[in-house]
Amino acid sequence: MTTASIVDNFPALRQSIGDKSLVYLDSAATTQKPQSVIDAVTRYYEHDNANIHRGVHTLSQRATQSYENARKNIASLLGANRPEEVIFVRGATEAINMIAQAWARPRLVEGDEILITEMEHHSNIVPWQIVCEQTGAILKVAPVLDDGSLDIEAYKSLLSEDTVLVSIAHVSNAIGTINPVQELCAFAKEAGATTVVDGAQACGHLQVNFQEIDCDFYAVSGHKMFGPTGIGCLLGKYEVLQEMEPWQGGGDMILSVSFEETTWNDVPFKFEAGTPNIAGAIGLGAAVQFIEGIGYETMVSHEQELLAYGRGVLENIEGVTLVGASEHNAGVLSFTVEGVHPHDVGTILDHAGVAIRTGNHCAEPLMRRFGLSATCRASLSVYNTTEDLDRLGLAVQEAIRILG
Ligand code: PLP
């Protein structure tokens, strides 16, 4: 697939907002879905709709096979050791909450420390605050430098024998910084900490290899990598998952139940209580195949070209300031416009058919770090073009002309 023809796979991109063709620059919030993913979900409901793991009838067997094939596809794309290391969840948020409640809560004691960074999404802050409240553990935060990169020296100095768990974003959703997670996890491990990587913003852009990063847990968001909403994964090292207690109780996660004693099913089913999002998992499996059809190498080079082009477009507009535009960036243009509130910029851009995100991007502490309450964020994906970024530039100039 060439980058020019990739856009043809996305039906939602073939529409107009008013009389302007849509320019979608909000992929960090959620990516558009290729036809193959939409078809996989539809096919499941039209032909194979049945519950999984329980039925002996044909439909149930087909549904089970598609669901388990999706698990295998994800394991292979993201470099898990085995499919059993992939647990289906609602998304990265649920993955992190599961680790907080099922792994951290039973293990943490008063005075233990959890280390995160200043660039985390609220999903990688609040679950740790909750578990600190429950256990008396302390949340530590590694600072971000002016260019939007992590202060690695400060991060290292915050690691100690009290650090029980480290949880870091692979890619920042608000400014796009790519963290050197393999290196950061190695430092954490030297200190004896268990490691979590929030990969919500990574898997739709970069080649992720769970084994090479060598973290204990990796959180994946399906809807940010061309899959359906309401599906994601928690990747966990098999031996760590075996030791971890279940999070939710219910059907499918048990081997046997009696009023006297209940025993748990094997990993990963121990963590998949109840009927899961079967269609979502199958759709995510199709998203994996879509990514493999393009290849991460093509995606990275296309998005890096667009990022450089987009930075050029915005830097040439007087009154526009890029925020946290670090060298290693996965395709996020976060910016402010002098004298114009980001929400007003976003509204004018919408009238011009250009969809961006404005606000604190669920990263309030990071906004505060830059002395801001909000930014405008244009986030790129493989279906974007330089024309999209020219349209962004023109629309920002229009916003300045009207409101600046
Ligand atoms: N972590 C980061 C960095 C994110 O950008 C997001 C969503 O924006 C999340 C976590 C939450 O992901 P999900 O929507 O899959 O729960």
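Colleague: I should like to begin with one residue: is Phe-226 buried or exposed?

Modeller: A residue is called buried under 20% relative accessible area, exposed over 50%, and partly exposed in between, with a 1.4 Å probe and protein chains only. Phe-226 has a relative accessibility of 0%, so Phe-226 counts as buried. Please note that the model is predicted: local features need pLDDT of at least 70, side-chain atom pairs count only at pLDDT 80 or more, and totals for chains, interfaces and linings use all residues. Residues are numbered from 1 along each chain as its sequence is written, and side-chain values use heavy atoms, with hydrogens and water left out.

Colleague: How many aromatic pairs are there?

Modeller: Rings of Phe, Tyr and Trp (its six-membered ring) pair if their centres lie within 6.5 Å; planes under 30 degrees apart count as stacked, over 60 as edge-to-face and the rest as tilted. This rule gives seven aromatic pairs. In one of them, Phe-10 and Phe-226 have ring centres 5.9 Å apart and planes at 55 degrees, so the pair is tilted. Phe-10 belongs to the loop between helix 1 (3-6) and strand 1 (16-17), and Phe-226 to the loop between strand 9 (217-221) and strand 10 (232-236), so the pair ties together parts that are 216 residues apart in sequence. Here helices (H or I, at least four residues) and strands (E, at least two) are DSSP runs, numbered from the N terminus. Phe-10 is buried as well, with a relative accessible area of 0%.

Colleague: What kind of aromatic pair do Phe-226 and Tyr-383 form?

Modeller: The pair of Phe-226 and Tyr-383 is edge-to-face, with 6.3 Å from centre to centre and 75 degrees between the planes. Tyr-383 lies in the loop between strand 17 (375-379) and helix 14 (386-403), while Phe-226 lies in the loop between strand 9 and strand 10, so this pair ties together parts that are 157 residues apart in sequence. Both Phe-226 and Tyr-383 are buried. One aromatic cluster is formed by Phe-10, Phe-226, Phe-290 and Tyr-383.

Colleague: Which ring has Arg-82 over its face?

Modeller: A charge sits over a ring if NZ of Lys or CZ of Arg is within 6 Å of the ring centre and within 35 degrees of the ring normal. Arg-82 lies over the face of Tyr-238, at 3.7 Å from the ring centre. Likewise, Arg-369 has its charged end over the ring of Phe-370, 5.0 Å from the centre of that ring.

Colleague: How many salt bridges does the count come to?

Modeller: A salt bridge is a side-chain nitrogen of Lys or Arg within 4 Å of a carboxyl oxygen of Asp or Glu. The count comes to 15 salt bridges. One of them joins Asp-19 and Lys-20, whose closest N and O atoms are 3.4 Å apart. Asp-19 is exposed, at 68% relative accessible area, and Lys-20 is partly exposed, at 35%.

Colleague: Which residues are linked with Arg-71 in a network of salt bridges?

Modeller: The network links Glu-68, Arg-71 and Glu-272. Between Arg-71 and Glu-68 the closest N and O atoms are 2.7 Å apart. These two residues are three residues apart in helix 3 (residues 58-77), so about one helical turn separates Arg-71 and Glu-68. Glu-68 is buried at 17% relative accessible area, and Arg-71 is buried at 1%. Between Glu-272 and Arg-71 the closest N and O atoms are 2.8 Å apart. This pair links distant parts of the chain, 201 residues apart: Glu-272 is in the loop between strand 12 (262-264) and helix 10 (278-294), and Arg-71 is in helix 3. Glu-272 is buried too, at 5% relative accessibility.

Colleague: Which residues touch the most other members of the largest nonpolar core?

Modeller: In soluble globular proteins, nonpolar side chains tend to be buried together. A nonpolar core is a set of buried Ala, Val, Leu, Ile, Met, Phe, Trp, Tyr and Cys residues joined through side-chain atoms within 4.5 Å. The largest nonpolar core has 71 residues, of which Tyr-155, Tyr-218 and Phe-226 touch the most other members. Helix 10 gives the most to this core, with 11 residues. At least three residues of the core come from each of domain 1 (3-26 + 296-403) and domain 2 (38-292), with bounds from an automatic or database domain assignment.

Colleague: How many disulfides does the structure hold?

Modeller: A disulfide is a pair of cysteine sulfur atoms within 2.5 Å. The structure holds zero disulfides. For Cys-185, the nearest cysteine sulfur is that of Cys-215, 5.1 Å away.
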